[in-house]
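Open the model in your viewer and keep the selection panel at hand. The stops below go from the inside of the protein to single residues in its loops.

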Amino acid sequence: MKILRIDTQKRTSAFEELGAYAGLGGRALTSRMVRAEVPATCHALSGDNKVVIATGTLTGTIAANSGRVSVGAKSPLTGGIKEANAGGKFSQMMAKLGIMAIVLEGKPERDATPCVIKIDASGVGFADAADLAGKGTYEACALLNAKHGEKAGIMAIGPAGENLQMAASIQFTDPENRPARAAGRGGLGAVVGSKKVKAIVLDDSGCKAEPVADKEAFKKAAKRWAEILGSHPVTSQGLPGFGTSILVNVINEAGGLPTKNFRFGRFEHAAEISGEKMVEIINARGGKAKEGCHAGCMIQCSQKYVDEKGQYITSGFEYETVWAMGANSLIKDLDDIARLDRACDDLGLDTIDMGCAIAVAMDAGIIPWGDGKAALALLEKVRTGDPLGRIIGNGTGFTAQAFGVDRAPVVKNQSLPAYDPRAVKGIGVTYATTPMGADHTAGYAVTANILKVGGSVDPLSKAGQVELSKNLQIATAAVDALGLCLFVAFAVLDTADAVQCIADMVAAKIGQPFSVDDVVAIGVNTLKDEIAFNKDAGFTVQHDQLPGFFLKEPLAPHNTTFDLTAEEMQAAKVS
Ligand code: SF4
């Protein structure tokens, strides 16, 4: 496996050996490279920043759910280090091409023509992409697939990334060539846009994935891995049956579904936007209720959501999006929410930050609460570069500043996801302390707080939350490094030999001993790199806290506040 470095200014490329980065994959690799090679105080949109796109350690093998891609850089949104993670075809193609990481370096002139980078077995090519400039990712990817073949896997940015918007995502095509899989958080699409890269196209024809060192041992461990995922109720029934939106009713019942810009913990129309309702609609209209975002996904939490005529609207229609565009903005029409999801994927925007920014705009009186059509019209202003679009596309914190709204649900300028920290305190600790800015995936304490997976910790009490978050932050960093989908965590946390099984797969792949302790060490070392970067970037303990209204305003129905101080939460960070 090699590292592919691309000088975006000169449009040159060079393969190099892994060297000091050998043994690292996914988030462990992106964070180590960003820590080692990006000055922590640089401007995120300057030529000093780098975009590292890495495949996971287990990606390209037969291990179930191992096809995720990690993208790392200094975030223009948070000002700290960032890793955003996505599904799609891209990562497995990278592995087959023998590329552990693609690194976008340097910066062309601001008025330079954007380019498309094509990578295949014969090497790396650059082409002007003036014809794709300003196009949505759906049209751009369709044109690229028409040109390079249906087999190609694509990473692309939309108008938001091209316009250097701080909430810009990077979109990846799924097995049906839809750019519906997002490395959404932290504005990394803007960093790609600053390097004038519209898309990267991969074609792995004629390539074979690097062979695993011990085939028999790998097969045995991968078989056990599949049994583990196939026997846990969440990974074998809940997520495949209803997608991640199965959480709408669950979190609403728990009183933690943020509603009307985090004013309430329950949404009276939750049932209308629930996973159960989504599946009912999909089945009635002839969509597809269950599919994987990459080959080898056993859980299959994704879906194809269609309109009343059976025409495709969106896929990868996840709980976070349904919540952000739904309960948090008081929008109860699932079709409207689906179109908002589609618009975000097409424009290349993070759905969580956009949902929260829309709610802030509603708080400011820019559009009415609950008006899905007005929300869509507002989002579409990002496409035209309208000043209002420029505001929204820069995310929740910026939108709140622009409109003088003091109710801005952000940590390190990144918006909070779909669990109110007053009703799910463990996730509040993660929001506050992860180096990523408010991010549920960085340490998903909803497991033990609400779902009673991997133990039970009272969601309304302070007790046990810091330790829970810390352990989950370590586990998540390891999962992200290996290229595994985070949703495997439900089965891993409840199965005694699951981490051993993961270690066995890694050992068989690399042909060297690899223990459970080594899995933990990946997580710890990754977090150490990230925390060190953020410290050098100027972050202090004062940045590790939630906005003041969570500490002061009791949340119905439990009437609780978030009562952990920044100092108390420091123990959630590895040292
Ligand atoms: S479980 Fe969902 S997110 Fe994870 S790999 Fe499968 S489809 Fe993608």
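What volume does the largest cavity have? About 40 Å³. The model is a predicted one, and a search of the whole structure finds one cavity of 30 Å³ or more. To see its walls, select Met1, Thr59, Gly60, Thr61, Ala95, Ala209, Glu210 and Lys509, which line the largest cavity.

**The whole protein**

Now zoom out and show the cartoon. There are 23 helices and 17 strands, and the C-alpha atoms fill a box of roughly 60 × 55 × 50 Å along the principal axes. Of the 575 residues, 62% are buried. Among contacts with a separation of 6 or more, 70% join residues 24 or more positions apart.

Switch to a surface view. The exposed area is about 19300 Å², with carbon and sulfur atoms supplying 52% of it. Colour by charge next: the protein has 59 positive and 64 negative side chains, and the centres of the two sets lie 2 Å apart.

**The second largest pocket**

This pocket holds about 400 Å³ of space. Its lining has 18 residues, and the closest to its centre are Ala22, Gly23, Leu24, Thr57 and Ile510. Select helix H20, residues 498-510, to see the largest share of the lining, three residues.

**Gly98 and the start of the chain**

Select Gly98, in the loop between helix H2 (90-96) and strand E6 (99-105). Which residues does Gly98 contact, leaving aside its neighbours within four places in sequence? They are Met1 and Lys2. Met1 also belongs to the lining of the largest cavity. Measure from Gly98 to Ile3 as well: these two are 95 residues apart in sequence, yet their C-alpha atoms are 8.7 Å apart in space.

**Two loop residues with positive phi**

Go to Asn65, in the loop between strand E3 (51-55) and strand E4 (69-74). Its phi is near 60°, a positive value in a residue other than glycine. Is Asn65 buried or exposed? Asn65 counts as buried because its relative accessibility is 1%.

Lys196 also has a phi near 60°. Find Lys196 in the loop between helix H5 (188-194) and strand E12 (197-202). Its relative accessibility is 18%, so Lys196 counts as buried; the cut-off is under 20%.

**A cis peptide bond**

For the last stop, select Ala556 and Pro557. The peptide bond from Ala556 to Pro557 is cis, with omega near 10°. Pro557 sits in the loop between helix H22 (548-552) and helix H23 (566-569).

Key: Residues numbered from 1 in each chain as written. Predicted model: local features only at pLDDT ≥ 70, side-chain atom pairs only at ≥ 80, totals over all residues. Heavy atoms only, no water. Helix = DSSP H or I, 4+ residues; strand = E, 2+ residues; numbered from the N terminus. Buried < 20%, exposed > 50% of the residue type's maximum accessible area, 1.4 Å probe, protein only. Contact = heavy atoms within 4.5 Å. Areas by Shrake-Rupley, 256 points an atom, 1.4 Å probe, with all protein chains shown as cover. Lys, Arg positive; Asp, Glu negative; His and termini not counted. Charge placed at Lys NZ, Arg CZ, Asp CG, Glu CD. 1 Å grid on protein atoms, 1.4 Å probe; cavity = no way out; pocket = protein on both sides within 12 Å on 5 of 7 lines; lining within 4 Å. Points joined across faces, edges and corners; volume = space filled by probe spheres on them.
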